[in-house]
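Biologist: I am new to this structure and should be grateful for a close look at one part of it. Please begin with a single side chain and then lead me outward to its surroundings and beyond.

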Amino acid sequence: MSTKFFNNIETTLMDKFHGIATAMANFDIFHAVVGYFRSSGYFKLRQELENVKEIRILVGINIDNLFLQSQAAGRIFFGNQQASLEQYAEAFLRDVKESKYDSEVDKGIRQFCNDIADDRLQLRIHPTRDLHAKFYLCLPQQYNEHSDGWVIMGSSNLSEQGLGTTASPRYELNVAMKDYDDVNFCETEFQKLWEQSLPVTFTDMEHIMRRTHLAPEDELPTPYELYMRMLIDHFGSQVEDDFAPTLPEGYDNLTYQRDAVVQGYDIMMRHNGCFLSDVVGLGKTVVAAMIAQRFIFANGENTRILVIFPPSVRSNWEETFRDFGIKNKYSRFISNGSLDKVIAGDGYDEKEYYDLIIVDEAHNFRHDSTGGYDLLQRICKSSRANSGNVTGKKRVLLLSATPFNTSCCYSKITPNAH
């Protein structure tokens, strides 16, 4: 049975274009309206358009997304050429980033850009409509009711999956028509939309390309910059952290401690908590004091810190905090057996008062069946009454020289903490 419909299984959109390009005597014009466009799809199709004199592609932009942006920013984006071009640029960059990296992909994207530069391809974006319709016109130079011409309409965008050249989980259905009234109607619609649209120029594409690995060679990142980018992607902002501690007299500027402060602070800020573990004698108290310093600087003058420790090391904590200039107004000290006083407000501010909780010898709280564990959990999980510049939950810093235990329950004390 003959039908005008095809579904990218028995016959693909690419098969249909190939058939038209091969059999049509005067295939001079290719016009397309698509909601989604990939340069790799254009590269696949281009071999069928080698002798076509005019290639025009009109791409829709994500109006829903722009509307949300305009609401958030308090301004109107519709009809704004710069906003529309930025929207297209982001889509193009995602295309490059998500494409499988090989020479064919690079060649296709470069060919796409060169065709725009040579005016071989005219590309426009529609700034005021989210174009869901997809249709393709194959026409002779002087199209009329007596000449040959095709319109293909359906679900397929101009991408490799839409063309059917790669497997797709989506079901595509298209229809190919050549009756003059059908083709002429779509060509008229195309011309209306084209007049309302905004051109993407070679200058625009040059600007976008400079944000990818396809930039000119003299603008590509150096091996060192690529290495640093890898470190930043893997380790986050701590790679670029230029933390330089101001140490009290008598304290050594030790690299391993400085690195621990950078990494520990970064983890604590991102995950609401951090576990600082090292063997006895390497200065966990000093590292914790420097992290507290950084937190006070970030959060502001209203910062309040609660330091919890075994009674035997109280003087060490008080002395270290004093040496690092952490004034009494910022910090309160309590032994790990007296946490009920914080809950009851007996000589201590209420548990919601504190922004940062530091727990020394945290392995003493490893069993969640004890009363001390329950008290500590209630303190750490309580809300912050007067959060400063650092918003969100309390930050919790756990210290221990013996962190490993098969029945450890620390994660319950510091939810989302590492």
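What is the relative accessible area of K192, and does that make K192 buried, partly exposed or exposed?

Modeller: K192 has a relative accessible area of 47% and is therefore partly exposed. Buried means under 20% relative accessible area, exposed over 50%, and partly exposed the range in between, with a 1.4 Å probe and protein chains only. The model is predicted, so local features need pLDDT of at least 70 and side-chain atom pairs count only at pLDDT 80 or more, while totals for chains, interfaces and linings use all residues. Residues are numbered from 1 along each chain as its sequence is written, and side-chain values use heavy atoms, with hydrogens and water left out.

The partner of K192 is E189: their side chains form a salt bridge with an N to O distance of 3.6 Å. The term denotes a side-chain nitrogen of Lys or Arg within 4 Å of a carboxyl oxygen of Asp or Glu. Both residues belong to helix α7 (residues 180–196), where their spacing of three residues separates them by about one helical turn. Helices (H or I, at least four residues) and strands (E, at least two) are DSSP runs, numbered from the N terminus. E189 is also partly exposed, at 28% relative accessible area.

This pair can be set beside others, as the structure holds 14 salt bridges. One of them joins D374 to R378 at 4.0 Å, N to O. These two residues are four apart in helix α14, again about one turn of the helix. Relative accessibility is 35% for D374, which counts as partly exposed, and 40% for R378, which is partly exposed as well. Elsewhere, R46, E50 and D115 are joined into one network by salt bridges that share partners.

A further pair is D355 and R384, whose closest N and O atoms are 3.0 Å apart. D355 sits in the loop between α13 (340–344) and β12 (356–359), and R384 in the loop between α14 (371–381) and β13 (395–400), so this salt bridge ties together parts that are 29 residues apart in sequence. Both D355 and R384 are buried.

Beyond these charged pairs lie the nonpolar cores, each a set of buried Ala, Val, Leu, Ile, Met, Phe, Trp, Tyr and Cys residues joined through side-chain atoms within 4.5 Å. The largest has 34 residues, of which F17, F30, F37, I57, F112 and Y136 touch the most other members. Helix α1 (residues 13–23) supplies the largest share of this core, with four residues. Apart from it is another core of 29 residues, including M290, I291, V307 and L399. In soluble globular proteins, nonpolar side chains tend to be buried together.

F30 shows the surroundings of one core member: leaving aside residues up to four places away in sequence, its contacts (heavy atoms within 4.5 Å) include F17, L45, L49, I55 and Y136.

S400 offers a polar example. This residue is placed in strand β13 and is buried at 1% relative accessibility. Among the residues that S400 touches, not counting those up to four places away in sequence, are F275, D278, K284 and H363.

Finally, the cysteines: C186 is buried, with a relative accessible area of 4%, and C380 is buried at 6%. The whole structure contains zero disulfides, a disulfide being a pair of cysteine sulfur atoms within 2.5 Å.
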